[in-house]
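Visitor: I'd like a close look at a single part of this protein rather than a tour of everything. Could you pick one helix and walk me through its surroundings?

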Amino acid sequence: MWDVLKNKYIPAPSKENWKTIAKGFEKTANFPHCLSAIDGKHIRLIMPEKSGSMYYNYKNYFSIVLLAVADSNYRFTYIDIGAYGKECDSTIFKESSLWNLMGKNELHIPDPEPINELQDQDFPYVFLGDEAFALTTNLLRPFGGYHLTTTKEVFNYRLSRARRYVECAFGILSNKWRILHRPLNVATDFAVDIVKAACILHNIIREKDGLHYEEHEINELPIMGFEDAVHQANYVRGGRHANEIRNKVLFQISGRSSIIVIRSSKFTDSDIFF
């Protein structure tokens with residue numbers, strides 16, 4: 001199934017496809033130039049034979065990791081499945097074909113350009129990840145720390161709002177294909193094939209009739225059978241250029257936001273109007 005349907009239902013996006021995805025995120029999540037959200041989840045396994053501790057994760061069970069990238073319609077645009085359960089998101093990402101293509105400039109990412117017609121400063125197109133991922137030119141992560149400025153909190157809120165799409169995609173996947181609710185009692189290679197097939201079928205259903213679901217119904221789906229991939233204790237904070245890009249996006253987002261009411265330290269849609 002993967003060999004036959006992969007290029008049709010999880011194709012490598014062109015520059016125009018990336019721009020279409022970015023427009024979707026700007027419309028639904030108010031985050032400009034977002035190519036997709038990225039995250040990793042553990043797929044439970046019965047202990048593979050002669051595997052030692054390679055598949056044993058920080059949650060004290062055996063697993064392989066599904067690293068996935070999703071658009072604003074909850075469709076997977078890229079998946080990498082089969083990494084050892086003990087690995088963290090950032091390590092898996094840097095060993096993936098997505099990272100290699102990005103480093104070789106072969107991912108067809110659109111050239112930097114102004115966010116809108118009122119701006120003359122170019123901004124790159126970026127993926128969005130959580131604190132587990134390293135900050136790079138084409139991947140943004142939240143600002144760390146507990147005593148952030150208001151503009152940084154707004155940035156983190158917007159980034160989290162865009163990242164929820166990959167989390168919801170995992171929720172839809174696990175609730176549709178409930179074999180993922182329990183440990184897979186099969187060989188590791190077969191488990192990889194099962195997850196690949198589930199991701200392909202997920203995209204097929206999203207394209208055929210999945211878009212008819214109400215937004216609030218999707219957001220309330222529990223992510224059954226999945227656990228977050230482990231975060232590194234020593235976070236990579238990115239180089240100077242990557243930090244400059246994040247600060248530019250921070251300034252742009254804060255410039256487009258009007259904070260009307262702040263009722264608590266955590267933002268909600270009723271707290272902030274854009």
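Guide: Here is a walk along one helix, H2, and what sits around it.

First, the ground rules. This is a predicted model, in which local features need pLDDT of at least 70 and side-chain atom pairs count only at pLDDT 80 or more, while totals for chains, interfaces and linings use all residues. Residues are numbered from 1 along each chain as its sequence is written, and side-chain values use heavy atoms, with hydrogens and water left out.

The protein chain has eight helices and six strands, where helices (H or I, at least four residues) and strands (E, at least two) are DSSP runs numbered from the N terminus. Helix H2 covers residues 15-29, and its 15 residues should span 21 Å at 1.5 Å a residue; the expected span is 1.5 Å times one less than the number of residues. Its end C-alpha atoms are 21 Å apart, which agrees.

Now for its two sides. Trp18, Ile21, Ala22, Gly24, Phe25 and Ala29 of H2 are buried (under 20% relative accessible area; exposed is over 50%, partly exposed in between, with a 1.4 Å probe and protein chains only). Looking down the axis, these buried residues fall within an arc of 155°, so they line one face of the helix; the arc is that of the directions from the helix axis to the C-beta atoms. On the other side of H2, Glu16, Thr20, Lys23 and Lys27 are exposed.

What do the buried residues pack against? Their partners are strands S1 (34-45), S2 (62-70), S3 (76-84) and S4 (126-128), plus helix H5 (150-176).

H2 also helps to line a pocket. The second largest pocket is lined by 16 residues, and Ile21, Asp71, Arg75, Thr77 and Glu207 lie nearest its centre. H2 gives the largest share of that lining, four residues. On a 1 Å grid over the protein atoms alone, a pocket is an open set of points with protein on both sides within 12 Å along at least five of seven lines, and lining residues have an atom within 4 Å of a point.

Just past the helix comes asparagine 30, in the loop between H2 and S1. Asparagine 30 has a positive phi of about 60° although it is not a glycine. Most residues other than glycine have a negative phi. With a relative accessible area of 22%, asparagine 30 is partly exposed.

Key
Contact = heavy atoms within 4.5 Å. 1 Å grid on protein atoms, 1.4 Å probe; cavity = no way out; pocket = protein on both sides within 12 Å on 5 of 7 lines; lining within 4 Å.
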